[in-house]
Amino acid sequence: MRKINKASYPVNLITVLLISLQFLSGCMLYPSPEKPAIPPSQKEEISPTLLITDSITIEAPVTQPGEVYTPVGLLRGEPLAIHSSPSAEAPIIDSIPATSINIKISGEPQLDENTAWIMADYNQGQGWVDLNYLAIHKGELPEELIALGQLILASLQAYDYNLLIDLIHPDHCLRFSPYAYLAENHLIFCPEELSNLISSDEKYTWGEYDGTGNPILMTFPEYHQDFVYDSNYLKAEIIGFNVEVSSGNAINNIADVYPEGVMIEYYFSGFDPQYGGLDWRSIRLVFIQDNLTWYLAAIIHGEWTI
């Protein structure tokens with residue numbers, strides 16, 4: 001069992017930042033010409049409700065020429081249907097497995113009620129697919145690891161850590177990091193500890209809030225809400241297969257802590273245009289292979305930091 005840093009002091013309820021308080025209360029400062037508005041990345045230090053938010057639906061999706069795509073948001077084992085024309089009622093002429101990569105698209109999206117259809121090239125043929133189930137991807141990984149990442153995301157979305165117990169590395173256990181930089185004081189739990197944590201009301205110190213240095217004092221369910229599955233990463237906008245796709249001033253030291261590790265990053269570039277992308281979010285899963293079996297070693301939350 002790994003040592004866990006339990007909190008030994010009460011949470012500081014003083015406002016994290018004036019700008020954060022104004023955002024949370026519904027009032028925003030007008031930015032100066034030199035500085036953009038500050039996004040809600042500095043979380044208020046209160047116990048949140050356990051509510052998983054979805055990404056904002058884009059009415060007219062914008063495609064990027066030259067990019068390649070991978071399916072997202074599908075049920076486990078479900079393929080992405082290819083239709084003969086841009087309509088759900090059109091005949092299905094083929095399907096794309098959920099772990100496929102390097103899918104090319106062409107033309108402009110065709111809107112049909114709540115669906116944006118795009119022409120996709122697959123298996124030496126073409127057809128129409130639902131663009132909402134495609135994400136840009138960078139890099140390549142074997143299908144088994146892509147499928148494992150999808151399984152873990154589905155478990156996190158359902159808040160079912162019992163499904164992860166057999167997937168956690170037996171020696172490294174599972175690290176939880178609230179920000180991109182992996183610090184020594186971040187908590188690490190071994191598989192046998194997770195079952196009791198899921199419904200526990202015990203508070204732990206998970207690190208320090210960016211910008212203030214105040215302790216992140218939360219129960220496991222609260223931490224999951226704010227620093228694990230805080231967006232619908234099953235339908236991420238961009239996925240990095242062992243490639244960093246988010247940007248920020250936090251140092252990515254995964255290679256130093258896990259030199260044998262492989263990372264998958266699920267990323268949203270932003271949700272509200274007024275923040276100019278500073279409200280981006282991501283989750284990084286770090287895997288280590290042992291005796292030809294891949295195990296999960298770390299769950300790393302990413303967001304804009306000071």
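Q: Two strands pair if DSSP finds at least two bridges between them; in what order do the eight strands of the open sheet follow one another?
A: This is a predicted model, in which local features need pLDDT of at least 70 and side-chain atom pairs pLDDT 80 or more, while totals for chains, interfaces and linings use all residues. Residues are numbered from 1 along each chain as its sequence is written, and side-chain values use heavy atoms, without hydrogens or water. Helices (H or I, at least four residues) and strands (E, at least two) are DSSP runs numbered from the N terminus. Pairing in the open sheet is mixed, and its eight strands have the order S1-S7-S12-S13-S14-S15-S8-S9.

Q: Which strands stand at the edges of the sheet?
A: An edge strand here has a single partner strand, so one of its sides is left without a neighbour in the sheet. That applies at residues 69-71 and again at residues 187-189, which are strands S1 and S9.

Q: In which sense do S14 and S15 pair, parallel or antiparallel?
A: The two strands form a hairpin with two residues between them, and Asn 291 in the turn has a positive phi of about 55°. One of the bridges sets Gln 289 opposite Trp 294 in S15. Over 10 bridges, the sense of the S14 and S15 pairing is antiparallel.

Q: What is the bridge partner of Phe 176 in S15?
A: Strand S8 (residues 174-177) and strand S15 (residues 293-303) run parallel and are joined by three bridges. Arg 175 stands opposite Ala 298 in S15. For Phe 176, the bridge partner in S15 is Ile 299.

Q: How many residues of S15 are buried?
A: Buried means under 20% relative accessible area, exposed means over 50% and partly exposed lies in between (1.4 Å probe, protein chains only). Across the protein chain of 306 residues, 49% count as buried. S15 is mostly covered, since the buried count among its 11 residues is 10.

Q: Which elements do the buried residues of H4 pack against?
A: Helix H4 is mostly covered, with eight of its eight residues buried, including Pro 221, Glu 222, His 224 and Gln 225. Taking contact as heavy atoms within 4.5 Å, these buried residues of H4 pack against H2, S8, H3, S10, S11 and S15.

Q: Is the pair formed by the rings of Tyr 209 and Phe 227 stacked, edge-to-face or tilted?
A: Rings of Phe, Tyr and Trp (its six-membered ring) pair if their centres lie within 6.5 Å, and planes under 30 degrees apart count as stacked, over 60 as edge-to-face and the rest as tilted. By this rule the count comes to 20 aromatic pairs. The rings of Tyr 209 and Phe 227 have centres 6.4 Å apart and planes at 55°, so the pair is tilted.

Q: How many residues apart are Tyr 209 and Phe 227?
A: Both Tyr 209 and Phe 227 are buried. Tyr 209 belongs to the loop between strand S10 (204-208) and strand S11 (215-218), whereas Phe 227 is in helix H4 (residues 220-227), and the pair links these distant parts of the chain at a separation of 18 residues.

Q: At what angle do the ring planes of Tyr 223 and Phe 227 stand?
A: Tyr 223 and Phe 227 are both buried, and, being four residues apart in helix H4, they are separated by about one helical turn. Both also belong to one aromatic cluster, whose members include Tyr 159, Trp 206 and Phe 220. Their ring centres lie 5.4 Å apart, and the pair is stacked because the planes stand at 25°.

Q: What is the relative accessible area of Gln 124?
A: Asn 123 is in the loop between strand S5 (115-122) and strand S6 (125-130), and Gln 124 is in the loop between S5 and S6. Neither is a glycine, yet phi is positive, about 55° for Asn 123 and about 60° for Gln 124. Asn 123 is exposed, with a relative accessible area of 58%. Gln 124 is exposed, and its relative accessible area is 87%.

Q: What distance separates the C-alpha atoms of Glu 192 and Cys 173?
A: Glu 192 is found in helix H3 (residues 191-197) and is exposed, with a relative accessible area of 52%. Cys 173 is 19 residues away along the chain, and the C-alpha atoms of the two are separated by 9.7 Å.

Definitions and conventions. Two strands pair if DSSP finds at least two bridges between them.
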